[in-house]
Every structure is written in structure tokens, then in C-alpha cells.
Amino acid sequence: MSTPTTPRPRAHIGDIPAYVPGKPPTPRPGLTAYKLSSNENPYPPLPGVVEAATRAVEVMNRYPDMGSRALYEALAERLGVPVEDLAAATGSVALIYQLLQAFCEPGDEVVYAWRSFEAYPIAVTAAGARSVQVPLRADGRHDLDAMAEAITERTRVVMVCTPNNPTGPAVSQAELDAFLARVPEHVVAVVDEAYLEFVRMDDAVDGLATYRAHPNVVLFRTFSKAYGLAGFRVGYAVAQPEVAGALRAVSLPFGVSAVAQAAAVASLEAGEELLARVDALVVERDRVEAGLRAAGWEVPDAQGNFVWFALGERTAEFAAACDEAGIVVRPFAGEGCRVSIGEVEANDRLLEVARSFLGG
């Protein structure tokens, strides 16, 4: 075997798909442009958050608390779980990477629905593992029976994104319980709840009860969506001590900044205002969903802070029409567009574009 003349990364690195972030809106003269491409919270920081973050900024010459003690204590009190069952990271995306690093050997399999969160295949490939993508049902829901059947002796992790990003539906507790009964105890079962605060459905998943009942279940949650801290990158996992400890063991030292920790703790203290904002976003989501259906669109049940348009080959055309109207959406080539629920004016423009597009 010849010696390479330049450094070469591991062979699978070249197979890692690129993450495509939501792009910013195109400036339109005389028109306020809105970004509806990243599922961001349109509200400003919760009361007390800016002040807490500013105090942390004033001591930026010091390292953050690597143990995230104040954040863990606040989460433990809020959730009613032991501190040992928590693991914080730079967003729930980082938790995906850490989990796969901790539990997957090269060639191991990770089962998840597709299309689902775009970071899954990226993180799986980066870990040297193999994605087993199970197609969604026609209504945008997880096919949990097919996912259970896809588990093999090489499966190490299964991931359930609920509500599913980008299509919107959430699984019920009964559906999740039936699925988990078919998942071997040695397989880590991730319940990715990035949008749990927006769920309004009968028999909604009780993530905390589920993790208590199943030692192999891990909950992923984030401060990026409902709490509006997307720019600070704070996520956390809830799992049994052995799993949570493994996530902490492979975490980046000092990964969650002092500013992010302070902002997250302050956000937890603003619970009443958080609920009011989430409720207002849910009302807007339901209004948009109802308006789309009244216009003739068939949209999946929206349980996050976004709606999904299954557009197929017309995906780019719809995204361009939205851009022309001053709203930028997230297209998935050849499949559809995910559109975040934003300001009322932005949502009104989306409805106008959707009506015109369907009519055309």
C-alpha cells in the first residue's frame, strides 16, 4: 500500500451530507421581509433574560461553569428529576452527536423516520454508523411499525422526532408505548422533543413518564424554539444516570457558554410569560393551518411551530413565490417546504401566496 502524500480524513468523512440552514430573507424595497425558514421564535427574549445574559457577559474573561450546576439545578427542580439524569450541550443537535459517539461503533445502525430532522443523517455518518431511514406515512407521520421491523442485531439507536421536523405531526403516547415495547432493551431510544411546548393533541406524549418507565429512553429538549434562545445554543437530555453520564463524558469541555447558561436559567424563571407566548404562537399556527385547508391545501397535522407543504417538483417554485412576497421559507428539493409560524403579517402573506399558488 502506497503512503499518502497529503493528510487524509477517515473515508466516511466525504460522505457526510451538508447541513442546509434556513437562509435569510431577500431585502425588498418598501417591504418588510420575514425569515420563516428556521423555526425561530419571533418574540424577543423573555423578561429577565437580557439582564442575566448581560451580567454573564461582564465576566467573559472567566471560563463558564463546566458542570452547568445552576442550569442543572434549575432543570432538576422544574422537571422533578435528579441532576444525575441531565446532560446539557450546545443545542440538542450536539446531543445527537454525543449520543452516537458514546453508543455507536463504526458500521452500527441508527433507525429513524425520513424525512425527519436534517441533522440525523449528518451525525450518523460523522460517527461512522449507518442510517436506516424508514419512510414516513403519506400523512407525514412516523411509521412506527415499520421502524420497529427495521431494527436488527446491528441497531444501537432509534430516534423518534415528535413533533416531526419538518412535516409537523406528533406521535401519541399509546403509539410510542407500543413502539418501545418492540425496541430491545439494549437499544437507545431517543424521543426528540424539540417542539414539545407547542403540542396540543389528545394522548400527547409524556416524555418524563416515558423516561422513568424505560431505562433505554433518552429525551432531547432545547431552549432554541419555545424559549427563543436559538442564538445561544442550549439543549439538554433527560436519561437514566448511565446514559446521561455517557453524554456528559463525551461532551465538549466548557461547551455551553456562561451567557447561554445564565439565559437558560432566567428563561426557566419566566414560565408564565413563556406559556403566554407559546399559546399565542399555537393560536397563529392553528389559524394558518385552518386558512390553508380552507384554501384547498392538504397539510399534515401541525404540532410544532411550523407547517408543511408537500409540493414535490413544485417546491422551488413555491419557495420563489414566497421570496417574492418578502418571506423566506425552507425548501427541501423535490419534496416540499417547511414554513415557520412568525409574525401575524408574515403569516398573512404566506396565506396569500398559498391561495394564489394553488389557484394558479
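# Exercises on burial, charge pairs and backbone geometry

Arg221 has a relative accessible area of 6%, so Arg221 is buried. The model is predicted, and the exercises below treat it as such.

## Exercise 1. A pair across the chain

Task: state which residue Arg221 meets in a salt bridge, and where the two partners lie.

Solution.
1. The side chain of Arg221 meets that of Glu193 in a salt bridge, at 3.0 Å from N to O.
2. The pair links distant parts of the chain: Arg221 is in strand E7 (residues 217-222), Glu193 is in the loop between E6 and H7, and their positions lie 28 residues apart in the count, that is, they are 28 residues apart.
3. The cut-off for burial is under 20% relative accessible area. Glu193 has 2%, so Glu193 is buried. Arg221, at 6%, is buried as well.

## Exercise 2. A pair within one helix

Task: describe the salt bridge between Glu273 and Arg277, and classify each partner as buried, partly exposed or exposed.

Solution.
1. The closest N and O atoms of Glu273 and Arg277 are 3.1 Å apart.
2. Helix H10 (residues 271-294) holds both residues, which are four residues apart, about one turn of the helix.
3. Glu273 is partly exposed because its relative accessible area is 32%.
4. Arg277 has 10% relative accessibility and therefore counts as buried.

## Exercise 3. Further salt bridges

Task: find the salt-bridge partner of Lys35, then name the residues of the network that includes Arg137, and give the total count of salt bridges.

Solution.
1. Side chains of opposite charge can pair when their charged atoms come close.
2. Lys35 pairs with Glu40 in a salt bridge of 3.1 Å, N to O.
3. Lys35 has 31% relative accessibility, so Lys35 counts as partly exposed. Glu40, with a relative accessible area of 32%, is partly exposed too.
4. Salt bridges also link Arg137, Asp139, Arg141 and Asp301 in a network.
5. The count comes to 22 salt bridges, with a side-chain nitrogen of Lys or Arg within 4 Å of a carboxyl oxygen of Asp or Glu as the rule.

## Exercise 4. A patch of negative charge

Task: list the residues that gather with Asp202 in a surface patch, and compare the accessibility classes of Asp202 and Asp203.

Solution.
1. The patch of negative charge on the surface consists of Glu175, Asp177, Asp202 and Asp203.
2. Asp202 is in the loop between strand E6 (188-192) and helix H7 (207-213). Asp203 lies in the loop between E6 and H7.
3. Exposed means over 50% relative accessible area. Asp202 has 72% relative accessibility, so Asp202 counts as exposed. Asp203 has 42% and therefore counts as partly exposed.

## Exercise 5. Unusual backbone values

Task: identify the cis peptide bonds that end at Pro163 and Pro166, and give the phi values of Asp203 and Arg233.

Solution.
1. Most residues other than glycine have a negative phi, and most peptide bonds are trans.
2. The bond from Thr162 to Pro163 is cis, with omega near 0°. Pro163 is in the loop between E5 and helix H6 (173-180).
3. The bond from Asn165 to Pro166 is also cis, with omega near 25°. Pro166 has its place in the loop between E5 and H6.
4. Asp203, a residue other than glycine, has a positive phi near 55°.
5. Arg233, not a glycine either, has a positive phi of about 60°. Arg233 is in the loop between E7 and E8, and is partly exposed with a relative accessible area of 30%.

## Exercise 6. Record annotations set on the model

Task: place the annotated lysine in the model, and describe the chain over the annotated domain.

Solution.
1. The unreviewed UniProt entry gives the feature "modified residue: N6-(pyridoxal phosphate)lysine" at Lys225.
2. Lys225 is in the loop between E7 and strand E8 (235-238). With a relative accessible area of 15%, Lys225 is buried.
3. The feature "domain: Aminotransferase class I/classII large" is placed by the unreviewed UniProt entry at residues 35-352.
4. Over residues 35-352 the chain is 40% helix and 17% strand. The end C-alpha atoms of this stretch are 16 Å apart.

How values were computed:
Residues numbered from 1 in each chain as written. Predicted model: local features only at pLDDT ≥ 70, side-chain atom pairs only at ≥ 80, totals over all residues. Heavy atoms only, no water. Patch = residues over 30% accessible without salt bridge, like charges linked within 9 Å, V, L, I, M, F, W, Y side chains within 5 Å. Areas by Shrake-Rupley, 256 points an atom, 1.4 Å probe, with all protein chains shown as cover. Lys, Arg positive; Asp, Glu negative; His and termini not counted. Charge placed at Lys NZ, Arg CZ, Asp CG, Glu CD. Helix = DSSP H or I, 4+ residues; strand = E, 2+ residues; numbered from the N terminus. Buried < 20%, exposed > 50% of the residue type's maximum accessible area, 1.4 Å probe, protein only. UniProt positions renumbered as here; feature names shortened; annotations may be inferred.
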